[in-house]
Amino acid sequence: MRISFLSLLLVILSSSKPQPATGKIIRYESFKSDYVNARNVDIWIPDDYSTNRKYAVLYMHDGQMLYDSTLTWNKQEWKVDESLNELIKSKQAKECIVVGIWNDGNNRFIDYLPQKPVELIDTIELKALFNIPTMITFNADKYLLFITKELKPFVDKEFSTYTDADNTFIMGSSMGGLISLYAICEYPDIFGGAACLSTHWTGIMNHNNIIPNAFKKYISENLPSPTTHKIYFDYGTETLDILYKPYQMMIDSVMREKGYNINNWTTVEYAGHDHSENSWASRLEVPLKFLLGSNKTNQ
């Protein structure tokens, strides 16, 4: 069987461990799960990590894009280690480790698209929207079971962590933004904060009101209490991000109706930012400070 150059490249990159600018990466290769396909998990710990101290935990999706641009498909990265290290050193963020959960390649879409909102849509309408003859089997609920029932207990056992919701956060971009919001709605006792960057409200690659309206209905009924949770949104104005503003404003109206305010929620527009790791890296310190900062006042 011939192996394509791209397939070979992906194998090589997946077997290479990121080299962070600061801190250390601990790789768990092909982490096994009863709920989803096995995938790599790359956990970042700061340089001065000590079992004598406790750490907050930030779970991040698309883990292969977080730490080392030499290993990513587009030669971009979030620069999580650099940003978080500087914020911890300057005491603008609590001490934290980062659990980078790799996406599952071709299955990223079915893992990340929140299925309960999508299940609110009529099946015929949904098939037409996705232009498919048979219905997709979505996997977001199982993906969250993997994180909450398997990965989090493992992390809390192997590392010196605070295990409560006040010190457990989740973050992602695009489809990763959707699944982060879904996580805090489905598991409010586990996640105390979520950051959703360039949230892909449309669910597919063009404008539509069907999926955003389903998200609005679901969120209206499932948002966690604003007294104990905080949620960050943002979006750019270029490339794919140009789609998001009207839908984000619709979701913002729900946030206000449910009692969220400047102390526990923010939505930020970044003019000129596009849909890329470079853009998310350039503003990453804002959601990091929002989730991990010592005070709750945000921009």
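Helix H2, residues 80-89, lies across three strands: S2 (39-45), S3 (56-60) and S4 (96-101). Relative to S4, helix H2 runs at about 165 degrees. The model is a predicted one, and what follows describes that model.

H2 is mostly covered, with seven of its ten residues buried. Those residues are Val80, Asp81, Ser83, Leu84, Asn85, Leu87 and Ile88. Their cover includes the strands S2, S3 and S4, and also two helices, H10 (277-282) and H11 (285-292).

Ser83 serves as an example from within helix H2. Its relative accessibility is 15%, and buried means under 20%, so Ser83 counts as buried. Leaving aside residues up to four places away in sequence, Ser83 touches Ala281, Leu284 and Leu288. Just after the helix comes Lys91, which takes a positive phi of about 60 degrees.

The strands under H2 belong to a wider arrangement. An open sheet of eight strands is ordered S1-S2-S4-S3-S5-S6-S7-S8, and its pairing is mixed. Strand S1 (24-31) and strand S8 (265-270) stand at the edges; each has a single partner strand, so one side of each is left without a neighbour in the sheet. From one strand to the next, the twist averages 15 degrees. In general, strands of a sheet pair through backbone hydrogen bonds, in either a parallel or an antiparallel manner.

One pairing can be followed in detail. Strand S6, residues 193-197, and strand S7, residues 230-236, run parallel and are joined by five bridges. Within this pairing, Leu197 stands opposite Asp234 in S7.

The remaining topic is empty space. Rolling a probe the size of a water molecule over the atoms shows where such space is left. In this model the largest pocket has a volume of about 950 Å³. It is lined by 34 residues, of which Gln64, Met65, Trp73, Asn103 and Gly105 are the closest to its centre.

Which elements each supply at least two residues of this lining? Helix H1 (5-15), strands S1 and S2, and helix H10 each do so. S1 is thus both an edge strand of the sheet and a contributor to the pocket lining. H10, for its part, helps to cover the buried residues of H2 and also supplies residues to the lining of the largest pocket. By residue type, the lining divides into ten nonpolar, 15 polar and nine charged residues.

Definitions and conventions. Residues numbered from 1 in each chain as written. Predicted model: local features only at pLDDT ≥ 70, side-chain atom pairs only at ≥ 80, totals over all residues. Heavy atoms only, no water. Pairing = 2+ DSSP bridges. Helix = DSSP H or I, 4+ residues; strand = E, 2+ residues; numbered from the N terminus. Axes fitted to C-alpha atoms, helices over the stretch in contact; angles between N-to-C directions. Contact = heavy atoms within 4.5 Å. Buried < 20%, exposed > 50% of the residue type's maximum accessible area, 1.4 Å probe, protein only. 1 Å grid on protein atoms, 1.4 Å probe; cavity = no way out; pocket = protein on both sides within 12 Å on 5 of 7 lines; lining within 4 Å. Points joined across faces, edges and corners; volume = space filled by probe spheres on them. Nonpolar A, V, L, I, M, F, W, Y, C, P; charged D, E, K, R; others polar.
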